[in-house]
Amino acid sequence: MASSLFDPRAFSGKVAFVSGAASGIGAATARQLADLGAKLVLVDRDRARLDAFVETLGSNNVLALEVDVTAIASVEEAIARGVSHFGGLDLAVNSAGIDLPRCETARYPAGDWDRTIAVNLTGVFNAVRHQIPAMLASGGGSIVNVASIMGFRGFSGQPAYTAAKHGVIGLTKAAALDHATQGIRINAVAPGFIDTPLLGHLSDEMRQAAALLHPMARVGEADEITNVILFLLSDAASFVTGACFEADGGYLAK
Ligand SMILES: NC(=O)c1ccc[n+]([C@@H]2O[C@H](COP(=O)([O-])OP(=O)(O)OC[C@H]3O[C@@H](n4cnc5c(N)ncnc54)[C@H](O)[C@@H]3O)[C@@H](O)[C@H]2O)c1
């Protein structure tokens, strides 16, 4: 029987994998899941930042691992270590991502294209590819991939990021179809501009301009994305799969 309302107690004791957990949306999600009693497998390529973040969590149920999501063998090993440490895998949030400098397509550096696709798209594939079997062995689960408004719209100067985020939404749909009858739900969230270190390279002027792209005339907070992620992870979303939920201050409504 489905939960009629989002029940935060349902996360207690669940095993959750979060990539990009050292910062921003991944860190906000890890913190809320820790506060709700989940057991966490946290991965990030930035070991020092991840360790500093984990110190602030005040939870003993954390396995923190240095992982570059572009390396499929490392991702597979991290998931296997999480399963053997905590006895299974129930939930996953794939948030690791990068945003390289803007450049028009005709001058876009091939290396920046390769790097962006490797982290923002292949990194998500590498994770779901190994999260799904681990969840099947655990009796089912729920995965949320962090896409973007740029998964729905083009953005000037961002050909690689835009292509990768469109790809994440396509991957989410295909994977959801493959496993829809097996107790695995796979969804995505599409944030608008969110106040995290990812936007650190924006000048104050650019940040103000970014805020005004949203009908709410502001950028979002990481916890405003986490709240949508937790809903999608939870049994309250038991009939939701292959979806991409917008959390964007109205950006895509224009
Ligand atoms: N901040 C925004 O405006 C915004 C908007 C839409 C979507 N997003 C997406 O949200 C996700 C999280 O972004 P954020 O804003 O929290 O950024 P962030 O920079 O605060 O956090 C991203 C984390 O991912 C980690 N990471 C980067 N490359 C990695 C790799 N190869 N392997 C493992 N970890 C890696 C970083 O070390 C960092 O800790 C990204 O996928 C991003 O594209 C962000």
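Ligand shell and an aromatic pair

Student: In this predicted model, which residue has an N or O atom in its side chain 2.9 Å from a nitrogen atom of the ligand?
Tutor: A polar contact is a pair of N or O atoms within 3.5 Å. A nitrogen atom of the ligand meets that cut-off with a side-chain N or O atom at 2.9 Å, and the residue is D68.

Student: Which residues contact an oxygen atom of the ligand, one through a polar backbone atom and one through its side chain?
Tutor: The backbone contact, at 3.1 Å, is made by a polar atom of S95. The side-chain contact, at 2.9 Å, involves an N or O atom of K165.

Student: How much of the ligand's accessible area does the protein cover?
Tutor: On its own, the ligand has 830 Å² of accessible area. The ligand sits in the largest pocket. The share covered by the protein is 96%.

Student: Which helices each supply at least two residues of the shell around the ligand?
Tutor: The ligand is surrounded by 30 residues, with S23, I25, D44, Y161 and T196 the closest. By class, the shell has 16 nonpolar, eight polar and six charged residues. The helices that each supply at least two shell residues are α1 (24-35), α4 (110-137) and α5 (159-178).

Student: Why is the pair of F155 and F193 classed as it is?
Tutor: The count comes to two aromatic pairs. F155 lies in the loop between β5 (141-146) and α5, and F193 in the loop between β6 (184-191) and α6 (204-212), 38 residues apart. Their ring centres are 5.9 Å apart and their planes are at 55 degrees, so the pair is tilted.

Notes:
Residues numbered from 1 in each chain as written. Predicted model: local features only at pLDDT ≥ 70, side-chain atom pairs only at ≥ 80, totals over all residues. Heavy atoms only, no water. Near = heavy atom within 4 Å. Polar contact = N/O pair within 3.5 Å; in protein donor to acceptor, adjacent residues only side chain to side chain. Areas by Shrake-Rupley, 256 points an atom, 1.4 Å probe, with all protein chains shown as cover. 1 Å grid on protein atoms, 1.4 Å probe; cavity = no way out; pocket = protein on both sides within 12 Å on 5 of 7 lines; lining within 4 Å. Sits in = over half its atoms within 2 Å of the grid points. Helix = DSSP H or I, 4+ residues; strand = E, 2+ residues; numbered from the N terminus. Nonpolar A, V, L, I, M, F, W, Y, C, P; charged D, E, K, R; others polar. Phe/Tyr/Trp six-rings, centres within 6.5 Å; stacked < 30°, edge-to-face > 60°.
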